[in-house]
Amino acid sequence: MFVPNGYQFESEAEKIAFMQRYSFATIITNNNQQIPLATQLPFVIEQRSGKLVLSAHFGIANEQAKYIEQHTSLIIFTEPHAYISPTHYTKHESVPTWDYIAVHAYGKASLITDEALKLKALEQMINFYEEGYLAQWNSLTDTFKHRMVKGIVAFELEVTDLQGQKKLSQNKSKAERESIIAQLEKSNNTAEHDLAGYIQKTLNDKAK
């Protein structure tokens, strides 16, 4: 990832917090012909003994699952983002741009083949996304659960490289960023509204 000066994350912890908040991501892996394959998946992000581990699962028919142990995968976490109009800028000779936040995680995956561990991985995902559903899950028959587990390819990926960028109009003046924030906060688009909060944080941090 190309990260211009001034657009870096403050820390690894900040990147991880972003991934956990926006955990529906795109995993990209080359096949043996070096053709990239991509799938959108929900991930569980956790730290174990100083290592960052991402967990998810493919549908059994997904070809990409064949290559994630052999090849390094790139997982892209990106959200929120928004078009930024040049009408916010004081300089007439200005052009539109796009503000966004993105984190790229790299690593090779390990498949989870043991049925008990696959069940544990599913329950881990339930706990992460909807803890209240766990009671219903526990009431389901073993036959149903077995069928579910047979239909997925579960995996864990240890992150070996983590890169991130926050492009939040840091190169603009305080007044220009305040104008952008005011516009985004009025939006009915949740992503744009969230982005306003991140831009506001850059102003607050600078004022400290």
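1. Glu 10, Lys 201 and Asp 205 are linked in a network of salt bridges, and this note on a predicted model begins with that group. Within the network, Glu 10 forms a salt bridge with Lys 201, and the closest N and O atoms of this pair are 3.9 Å apart. Glu 10 lies in the segment before helix H1 (12-21), while Lys 201 belongs to helix H6 (residues 190-207), so the pair ties together parts that are 191 residues apart in sequence.

2. The other link of the network joins the side chains of Asp 205 and Lys 201, which meet in a salt bridge at 2.8 Å, N to O. Here both residues, Asp 205 and Lys 201, lie in helix H6, four residues apart, which is about one turn of the helix. As for their surroundings, Glu 10 is exposed, with a relative accessible area of 54%, whereas Lys 201 counts as partly exposed at 38%, and Asp 205 is likewise listed as partly exposed, with 26%.

3. The count of salt bridges in the model comes to 10, and one further pair deserves a careful look. Glu 14 forms a salt bridge with Lys 166, the closest N and O atoms being 2.8 Å apart. This pair links distant parts of the chain, with Glu 14 in helix H1 and Lys 166 in strand S9, 152 residues apart. Are these two residues buried or exposed? Glu 14 counts as buried because its relative accessibility is 18%, which falls under the cut-off of 20%, and Lys 166 counts as buried at 9%.

4. Strand S9, which holds Lys 166, leads on to the sheet. Five strands form an open sheet in the order S2-S1-S5-S6-S9, and their pairing is antiparallel. Strand S2 (36-42) and strand S9 (161-167) stand at the edges, each with a single partner strand, so one side of each is left without a neighbour in the sheet. On average, and with direction ignored, neighbouring strands of this sheet are turned by 20° against each other. For a student new to sheets, it helps to recall that strands of a sheet pair through backbone hydrogen bonds, either parallel or antiparallel.

5. Two of the pairings in this sheet can be followed residue by residue. Strand S5 (residues 73-84) and strand S6 (residues 97-107) run antiparallel and are joined by 10 bridges. Which residues of S6 are the bridge partners of His 81 and Ala 82? The partner of His 81 is Tyr 100, and the partner of Ala 82 is Asp 99. On going along S5 from His 81 to Ala 82, the reader therefore passes in S6 from Tyr 100 to Asp 99, in keeping with the antiparallel course of the two strands. S6 also pairs with S9 in the antiparallel sense, over seven bridges, and in this pairing Ile 101 stands opposite Lys 166 of S9, the residue that also forms the salt bridge with Glu 14.

6. A hairpin can be examined in a similar way. Strand S3 (residues 44-48) and strand S4 (residues 51-59) pair in the antiparallel sense over five bridges, and Ile 45 stands opposite Leu 54 in S4. There are two residues between the strands of this hairpin, and Ser 49 in the turn has a positive phi of about 50°.

7. Ile 45 is also worth following towards helix H1, where Gln 20 is found. Although Gln 20 and Ile 45 are 25 residues apart along the chain, their C-alpha atoms are separated by 6.0 Å. If its neighbours within four places in sequence are left aside, Gln 20 is in contact with Ile 45 and Phe 128, and at 34% relative accessibility Gln 20 counts as partly exposed.

8. The last point concerns empty space inside the model. Rolling a probe the size of a water molecule over the atoms shows where empty space is left. The count comes to one cavity of 30 Å³ or more, and about 50 Å³ of space lies in the largest cavity. Which elements each supply at least two residues of its lining? They are S4, helix H2 (115-129) and strand S8 (152-158), and the largest share, five residues, comes from H2. The residues that line this cavity include Val 44, Ser 55, His 57, Lys 118, Met 125 and Ile 152.

Conventions. Residues numbered from 1 in each chain as written. Predicted model: local features only at pLDDT ≥ 70, side-chain atom pairs only at ≥ 80, totals over all residues. Heavy atoms only, no water. Axes fitted to C-alpha atoms, helices over the stretch in contact; angles between N-to-C directions. Salt bridge = Lys/Arg side-chain N within 4 Å of Asp/Glu carboxyl O. Buried < 20%, exposed > 50% of the residue type's maximum accessible area, 1.4 Å probe, protein only. Contact = heavy atoms within 4.5 Å. 1 Å grid on protein atoms, 1.4 Å probe; cavity = no way out; pocket = protein on both sides within 12 Å on 5 of 7 lines; lining within 4 Å. Points joined across faces, edges and corners; volume = space filled by probe spheres on them.
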